[in-house]
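Open the model in your viewer and keep the sequence panel visible. The stops below say what to select and what is there.

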Amino acid sequence: MAKLLNVRINESKEITLQNVWQAKKNLASHINKTPLIFSPKLSNLTNSEVYLKYEHLHESRSFKMRGAFNAISNLSPAQKSRGVTTFSTGNHGFAVALAAKKLGIRAVICVSKHVPRAKIEKIKSLGAELEIYGDGQDDAEQRCYELVKEKGLTVIPPFDHPEVIAGQGTIALEILEELPDVNCVIGGLSGGGLLSGIGLVMKTTNPDIKVIGLSMEKGAAMFESLKRGKPVTVREEPTLADSLLGGIGEKNQYTFKMVQQFVDQSILVEEEAIKKGMAYLYKEHNIVVEGAAAIGIGAILNNAVSLEENTKNVIIISGCNVDLDAHANAIEAYL
Ligand SMILES: *Cc1c(COP(=O)(O)O)cnc(C)c1O
């Protein structure tokens with residue numbers, strides 16, 4: 001394992017706005033632009049303009065398709081012929097499976113035992129092979145690197161990879177196109193690929209644009225790592241925002257530094273607020289989204305985040321891979 005991590009270190013390079021534009025080119029004919037929706041009620045509530053970026057509308061049901069497709073489409077023909085593998089709490093695995101299917105290559109997805117059944121069924125339905133292993137993302141990651149040695153597969157990591165980060169950054173290009181005077185972007189923060197990509201684009205374009213990262217109260221590895229000034233491991237606990245679980249990697253190469261540099265605030269959000277956010281999006285916007293995607297709305301409703309008056313704010317609605325039963329249970333108390 002240590003040996004393989006060194007390979008990643010040697011490959012390390014700087015990620016620039018150019019990489020994000022290249023990613024936009026790679027994705028252009030395969031991945032649809034997502035809508036930016038004005039929310040009159042949230043705008044009234046906050047005395048500001050609030051827009052929702054509907055990243056749950058991708059075919060893969062989350063923004064992860066952007067990074068996964070960009071990384072896979074950049075592989076050499078030899079790598080493509082051997083296939084890809086990844087470790088993931090679900091959405092990235094789903095995205096890798098779908099991207100590999102579109103490109104006609106083999107995919108093996110390693111996941112931990114805690115990944116919801118619905119996500120596992122989805123990955124299988126895409127024809128990907130599945131390896132269920134261990135208690136957390138770190139165990140799944142270890143299995144993934146064994147497969148590299150055993151079968152010559154290429155790992156597509158969920159966040160700490162230049163092309164994955166550049167792919168997620170294309171979200172920011174779309175936002176700027178529609179809302180060039182955006183003041184603040186708010187999104188879920190886990191491994192940090194999403195906000196590294198968005199932060200890179202926003203801060204390069206205008207350093208005054210604020211970027212805010214939100215995580216669940218328990219098991220927020222990036223939050224703890226930022227606090228301690230180095231990547232640390234935290235214990236995973238069940239949460240409605242299961243897509244925000246997982247470590248950031250002790251040998252994190254990119255996202256930890258990029259989040260340090262580009263994310264202005266990292267904030268923890270209570271489980272009840274996440275439920276409220278899911279209920280609000282269901283009632284007011286008629287959408288069913290997973291906990292991780294509702295965390296921004298929950299944070300606003302619970303005053304964990306306060307928007308500056310008369311500013312333009314974008315909240316990333318990141319995905320909708322959720323069991324309908326789990327969704328109904330979560331929102332019941334707030335309907
Ligand atoms: C992966 C994911 C996130 C967090 O993205 P990171 O790049 O890991 O910080 C947020 N929401 C959803 C739905 C996700 O799948």
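Start by selecting strand β3, residues 84-87, together with β6; 2 bridges join the two strands, which run parallel. Within this pair, T85 stands opposite V155 of β6. Keep in mind throughout that the model is predicted.

Now add the other partner of β3. Strand β4 runs parallel to β3 and is joined to it by 4 bridges. Pick V84 to see one of the matches: its bridge partner in β4 is A107. Then add β5, which is parallel to β4 and linked to it by 4 bridges. Here V108 has E129 of β5 as its bridge partner.

With these strands selected, the sheet can be read across. What is the order of the 4 strands in this open sheet? The order is β5-β4-β3-β6, with parallel pairing. At the edges are β5 (129-132) and β6 (154-155), each of which pairs on one side only. Strands of a sheet pair through backbone hydrogen bonds, in a parallel or an antiparallel way. Switch on backbone atoms here if your viewer hides them.

Stay on β4 and show its side chains. How many of its 5 residues are buried? The count is 5 of 5, and the strand is mostly covered. A107, I109 and V111 point one way from β4, while V108 and C110 point the other way; all are buried.

Next, select helix α7, residues 117-125. The buried residues of α7 are A118, K119, I120 and I123. An α-helix has 3.6 residues a turn, so residues three or four places apart point the same way. To see what covers the buried residues of α7, show α6 (91-103), β4 (107-111) and β5, which are included in that cover. Just after the helix, click on G127, where phi is positive at about 85°.

Move on to the loop between α13 (271-285) and α14, and pick N286. N286 is exposed, with a relative accessible area of 67%. The phi of N286 is near 55°, which is a positive value in a residue other than glycine. Most residues other than glycine have a negative phi.

Follow the chain into helix α14, residues 291-301. Is this helix enclosed or open? Of its 11 residues, 10 are buried, so α14 is largely enclosed by the rest of the structure. The buried ones are G291, A292, A293, A294, I295, G296, I297, G298, A299 and I300.

Select A293 within α14. A293 has 0% relative accessibility and so counts as buried, since the cut-off is under 20%. Leaving out residues up to four places away in sequence, A293 touches L281, I316, I317, S318 and G319. For a long distance, draw a line from the C-alpha atom of A293 to that of P77: the two atoms are 35 Å apart, and the residues are separated by 216 places along the chain.

One of the contacts of A293 is S318, so select S318 next, in the loop between β10 (312-317) and α15 (324-331). Is S318 buried or exposed? S318 counts as buried, at 9% relative accessibility. Apart from neighbours within four places in sequence, S318 is in contact with E55, H56, R61, S62, F63, A292 and A293.

Go back to the end of α14. The helix is followed by N303, which has a positive phi near 60°. Further on, in the loop between α14 and β10, pick N310. N310 also takes a positive phi, of about 60°, although it is not a glycine. At 72% relative accessibility, N310 counts as exposed.

Finally, clear the selection and show the whole chain. The chain has 15 helices and 10 strands. Its radius of gyration is 18 Å, close to the 20 Å that the globule rule gives for 335 residues, so the chain is as compact as a globular protein of that length. The C-alpha atoms fill a box of roughly 55 × 40 × 40 Å along the principal axes. Of the 335 residues, 58% count as buried. Among contacts between residues at least 6 apart in sequence, 75% join residues at least 24 apart.

Colour by charge as a last step. There are 37 positive and 38 negative side chains, and the centres of these two sets lie 5 Å apart. The accessible surface comes to about 14100 Å², and 47% of this belongs to carbon and sulfur atoms.

How values were computed:
Residues are numbered from 1 along each chain as its sequence is written. This is a predicted model: local features need pLDDT of at least 70, side-chain atom pairs count only at pLDDT 80 or more; totals for chains, interfaces and linings use all residues. Side-chain values use heavy atoms; hydrogens and water are left out. The radius of gyration is taken over C-alpha atoms; the globule rule is 2.2 Å times the number of residues to the power 0.38. Buried means under 20% relative accessible area, exposed over 50%, partly exposed in between (1.4 Å probe, protein chains only). Contact means heavy atoms within 4.5 Å. Accessible areas come from the Shrake-Rupley method with a 1.4 Å probe; for residues, only the protein chains shown count as cover. Lys and Arg count as positive and Asp and Glu as negative; His and the chain ends are not counted. The place of a charge is taken as NZ of Lys, CZ of Arg, CG of Asp or CD of Glu. Two strands pair if DSSP finds at least two bridges between them.
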